[in-house]
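Reader: I am new to this structure and would like a close look at a single part of it, the strands and how they pair. Please then place that part in the rest of the chain.

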Amino acid sequence: MKNGQFSVKAAYKFLKGRDDHLQSNTSINNQDVQVWNKLWKIKTIPRHTHLAWRMLHNRLPVKECLVKRGVDFIPLCSFCDQHRETLDHLFMYCEWSRSYWFCSQLGISHQNFGSDSCNFIPWLEKVLMHEDAETTRLVLSLCYVLWNVRNKRCFEGLELPDPVTCANQANKNVIIFNQSNALNLQQQILPIPSPQSNIRWTLPPAGWYELNVDAAGPTPDGVWGLAAVIRDADGVIAAASCCQKQLFPNSDIAELMALKHGLKFARDMIFLNLIAEADSLNAIESITVKKINSPYRGHCC
Ligand SMILES: [Zn+2]
């Protein structure tokens, strides 16, 4: 954004520049780069790609990770409540997860994952590098549904659902994607590596995410830019999204639409433990004290 004017091109250049800078200052394994490049080239549902991106960067807040970050609790598995909730246990070794993978269209048994000492991330990397697009799409969808089930159980206390139903849902997601002209419907989501930036927002507590939203505009032809950034407790950007919309009557409405866009994005990306921030006092007060008196009604996305 420059002088309050939102520009996708400028945002991309900013992020790309920071990406190049980071890559030149860190010793990133060449194989990792190949896997990440492969991941971002897969045509699939963006939130599935984003989840895999977080897994590959060890940014998924399974309970064992939270303990390592200083959260004081017993990190028992959200599914079985018997073993420590590591990423490997949750995604590969838990009894529910084993049934889930086996019930999927891929019929993945424990042997398919490899030996008992096999880890999930190397297995996922192998899928990304060597399997065809359709198989990879389904594996990413299965990961997404599994993580969604885990979060619903963890944060909403829901009973564990039938693994067959969940595996079918993951398959259905891929079928719907394939049947639709999905590429044209995707939000533009920028692949963001793990930068540390100058943060002027307050960091959320460990295990929480912070959503910051903003709106800029309008251009002479009435276009507004809406942007949302989600950061984790270390201040690392976990996901970002932006879109353009037309004809908001004023900046307060645009800010509210940015907040709606951000919340919808966060929900789709399964960031359920979320703190939202916006920099428009009018917009925030309109939610809490219904200050804005506007006849405007509409949808953001
Ligand atoms: Zn378990």
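Author: What follows starts with the whole model, turns to one strand and its partners, and then moves outward to the helices and loops.

The model is predicted. Its average pLDDT is 78, and 76% of the residues score at least 70. The protein has 13 helices and four strands. Of its 301 residues, 32% count as buried. Among contacts with a separation of 6 or more, 65% are between residues 24 or more positions apart.

The part to look at closely is strand β1, which spans residues 209-216. Is this strand enclosed or open to the outside? Eight of the eight residues of β1 are buried, so the strand is largely enclosed by the rest of the structure. The cut-off behind this is that a residue is buried if 20 or more other C-beta atoms lie within 10 Å of its own. The burial applies to both faces of β1. On one side are Tyr 209, Leu 211, Val 213 and Ala 215, and on the other are Glu 210, Asn 212, Asp 214 and Ala 216, all of them buried. The second of these faces therefore includes Glu 210 and Asp 214, and both are buried along with the other residues of β1.

Which strands pair with β1? One partner is β2, residues 223-231. β1 and β2 run antiparallel and are joined by seven bridges. Two positions show how these strands are matched: Glu 210 of β1 stands opposite Arg 231 in β2, and Ala 216 stands opposite Gly 225 in β2. Strand β2 is itself mostly covered, with eight of its nine residues buried.

Another partner is β4, residues 274-278, which pairs with β1 in the parallel sense over five bridges. Here Glu 210 appears again, standing opposite Ile 275 in β4. Glu 210 thus has Arg 231 of β2 opposite it in one pairing and Ile 275 of β4 opposite it in the other.

The remaining strand to mention is β3, residues 237-246, which is followed by a loop that leads to helix α12, residues 251-268. Asn 250 is found in that loop. With 12 C-beta neighbours inside 10 Å, Asn 250 counts as exposed, because the limit for an exposed residue is 12 or fewer. Asn 250 and Pro 218 are 32 residues apart in sequence, while their C-alpha atoms are 9.0 Å apart in space.

Helix α12 in turn packs against helix α13, residues 281-288: their axes come within 8 Å and cross at roughly 70°. That angle makes α12 roughly perpendicular to α13. The contact is made by Asp 252, Glu 255, Leu 256 and Leu 259 of α12 and by Asn 282, Ala 283 and Ser 286 of α13.

Another helix pair comes before β1 in the sequence. The axes of α9 and α10 (residues 163-179) come within 8 Å and cross at roughly 130°. This makes α9 oblique to α10, and the crossing is right-handed. On the α9 side the contact is made by Arg 137, Leu 138, Ser 141, Leu 142, Val 145 and Val 149. On the α10 side it is made by Cys 166, Ala 167, Gln 169, Ala 170, Asn 171, Asn 173 and Val 174.

How confident is the prediction along the chain, and where is it lowest or highest? Among the elements, helix α9 (residues 133-156) has the highest mean pLDDT, 95, and helix α11 (residues 182-185) has the lowest, 53. Over residues 186-190 the pLDDT is below 50, and this stretch has 13 contacts in the model beyond near neighbours in sequence. The pLDDT also stays under 50 over residues 192-199, for which the model has 14 contacts beyond four places in sequence.

Two loop residues complete the picture. Most residues other than glycine have a negative phi. Asn 58, in the loop between α3 (46-56) and α4 (63-68), has a positive phi, near 55°. With 11 C-beta neighbours inside 10 Å, Asn 58 counts as exposed. Asp 81 lies in the loop between α4 and α5 (87-93) and has a positive phi near 60°. Asp 81 is also exposed, with 9 other C-beta atoms within 10 Å.

Conventions: Residues numbered from 1 in each chain as written. Predicted model: local features only at pLDDT ≥ 70, side-chain atom pairs only at ≥ 80, totals over all residues. pLDDT = per-residue confidence, 0-100. Contact = placed C-beta atoms within 7 Å. Pairing = 2+ DSSP bridges. Axes fitted to C-alpha atoms, helices over the stretch in contact; angles between N-to-C directions. Parallel < 35°, antiparallel > 145°, perpendicular 65-115°, else oblique. Left-handed = near helix turned anticlockwise from the far one by under 90°.
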